[in-house]
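Have you ever read a label on a protein model and wondered where it came from? Let's look at one together and ask what stands behind each word.

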Amino acid sequence: AILNIILDPLFIFVFYLGVKAAALATIISQGFSAIWIFSFLTSKKSQLKINFKSNKLNLKICGKIAILGIAPFIMQSTESAIFIVFNSGLQKYGGDLYVGTMTILQSLMQLCLIPIQGFTYGIQPIISYNFGAKKLQRTKMVIKRMVIISVSFSVCVGLLIILNPVFFGKMFTKSQDLLNLVAKYLPIYFGAVWIFGIQMAAQTTFVALGKAKTSLFIACLRKLILLIPLALILPQYFGVQGIFYSEPIASAISAMTSFVLFIFTYKKLNDTSNGE
């Protein structure tokens, strides 16, 4: 991150590379990060070392890893498809100002979601370790705390942004026209962000407990099954506003579905614990 911050202005303002500057800075920074990690894992400082002599490819294990990784992969990769659908629809029904508004709203949404995402990803191995060790009471405790913290954060940050749309919009633009649209559509777009912490916590729980099918279904539900179709259908009836409505509708339905499946999964842990 530090290297990326240094290289961005260097490539943009010193070497005048334009848009390419951001891409090159990111690639170089990621490369140095990978080299750093690899060097550490092969050094004396690491307790877990990479040893190529003893590492043999186990297709069964690789398959399990890949299946569990499909859900996060879909969640990340479908962002590009959503950007295409949103931007094309906004351009068709609204214009450049609406495309700019959506860009600001999506950036603000990342401010809400990325901290929760980082937190839940960090909790995932703790849940997996305790579940694998049959420490079900501790597993339940960790899951419960994760849900409380994730939901509390999404509620607090979501409300903070909803109540101050112009303040946060000024982080990205000084255009009054853009700020007016941000103030109008931000409360709509963020309408369900307060419960989105539920889905992220549930998604992490499913992956941590090895429930690949459930995790994959939840990953597909919000973006592929709900969000993209809604973003294509609603504008035909509600105009440009339909695109902004698609986000809270998809988020609310997927979060409630995740919560129901999560309750069943959590209840099974209770039953197993009672059986012990």
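Here are some questions and answers about this predicted model.

Q: What makes up the chain, helices or strands?
A: The chain has 11 helices and zero strands. Read along the sequence, its pattern is therefore α-α-α-α-α-α-α-α-α-α-α. The C-alpha trace spans about 60 × 50 × 30 Å along its principal axes.

Q: How do you know which residues of the chain count as buried?
A: A residue is called buried when its relative accessible area is under 20%. In this chain of 276 residues, buried ones make up 38%.

Q: Why is Tyr16 called exposed?
A: The cut-off for exposed is over 50%. Tyr16 has a relative accessible area of 67%, so Tyr16 is exposed. You can find Tyr16 in the loop between helix H1 (2–14) and H2. Its phi is near 50°, a positive value in a residue other than glycine.

Q: What makes Lys134 count as exposed?
A: Again we need a value over 50%. Lys134 comes to 58% relative accessibility, so the word exposed fits. Lys134 sits in the loop between H4 and H5. Here too phi is positive in a residue other than glycine, with a value near 65°.

Q: Why is Leu24 called partly exposed?
A: Partly exposed lies between the two cut-offs, under 20% for buried and over 50% for exposed. Leu24 has 38% relative accessibility, so Leu24 counts as partly exposed. Leu24 belongs to helix H2 (residues 19–41).

Q: How do you know what Leu24 is in contact with?
A: Contact means heavy atoms within 4.5 Å. Leaving aside neighbours within four places in sequence, Leu24 is in contact with Phe11 and Leu17. Phe11 is 13 residues from Leu24 along the chain, and their C-alpha atoms are separated by 8.3 Å. The 8.3 Å is a C-alpha separation, whereas the contact rule looks at heavy atoms, so the two statements fit together.

Q: What makes a set of residues a nonpolar core?
A: The members must be buried residues of certain kinds, joined through side-chain atoms within 4.5 Å. The largest such core here has 38 residues, and those with the most contacts inside it are Phe86, Ile161, Tyr189, Phe190 and Phe244. Two or more residues come from each of H3, H4, helix H5 (136–163), helix H7 (176–189), H8, H9 and helix H11 (241–275). H4 gives the most to this core, with nine residues. A second, separate core has 14 residues, including Ile123, Leu209, Ile218 and Phe262.

Q: Which residues is Tyr189 in contact with, beyond its neighbours within four places in sequence?
A: The partners of Tyr189 are Phe86, Met102, Leu105, Gln106, Met109, Phe244, Glu247 and Pro248.

Q: What makes two aromatic rings a pair?
A: Their centres must lie within 6.5 Å. The structure holds six aromatic pairs. Tyr98, Tyr185 and Phe244 form one aromatic cluster.

Q: Why is one space called a cavity and another a pocket?
A: In a cavity the probe fits but cannot get out, while a pocket is an open set, so the names tell you whether the space is closed. There are two cavities of 30 Å³ or more. The largest cavity has a volume of about 100 Å³, and the second largest has about 40 Å³. The largest pocket has a volume of about 380 Å³. Of the 19 residues lining this pocket, the closest to its centre are Glu79, Gln110, Leu113, Arg222 and Lys223.

Q: How many charged residues are in the linings of these spaces?
A: The pocket lining divides into 11 nonpolar, four polar and four charged residues. The largest cavity has six nonpolar, five polar and no charged residues in its lining. For the second largest cavity the lining has seven nonpolar, one polar and two charged.

Q: Which helices supply at least two residues to the lining of each cavity?
A: For the largest cavity they are H3, H4 and H8. For the second largest cavity they are H4 and H11, and the largest share of that lining, three residues, comes from H11.

Conventions
Residues are numbered from 1 along each chain as its sequence is written. This is a predicted model: local features need pLDDT of at least 70, side-chain atom pairs count only at pLDDT 80 or more; totals for chains, interfaces and linings use all residues. Side-chain values use heavy atoms; hydrogens and water are left out. On a 1 Å grid over the protein atoms alone, a cavity is a set of points where a 1.4 Å probe fits but cannot get out, and a pocket is an open set with protein on both sides within 12 Å along at least five of seven lines; lining residues have an atom within 4 Å of a point. Grid points are joined across faces, edges and corners, and a volume is the space filled by probe spheres set on the points. Ala, Val, Leu, Ile, Met, Phe, Trp, Tyr, Cys and Pro count as nonpolar, Asp, Glu, Lys and Arg as charged, and the others, Gly among them, as polar. Buried means under 20% relative accessible area, exposed over 50%, partly exposed in between (1.4 Å probe, protein chains only). Helices (H or I, at least four residues) and strands (E, at least two) are DSSP runs, numbered from the N terminus. Rings of Phe, Tyr and Trp (its six-membered ring) pair if their centres lie within 6.5 Å; planes under 30 degrees apart count as stacked, over 60 as edge-to-face and the rest as tilted.
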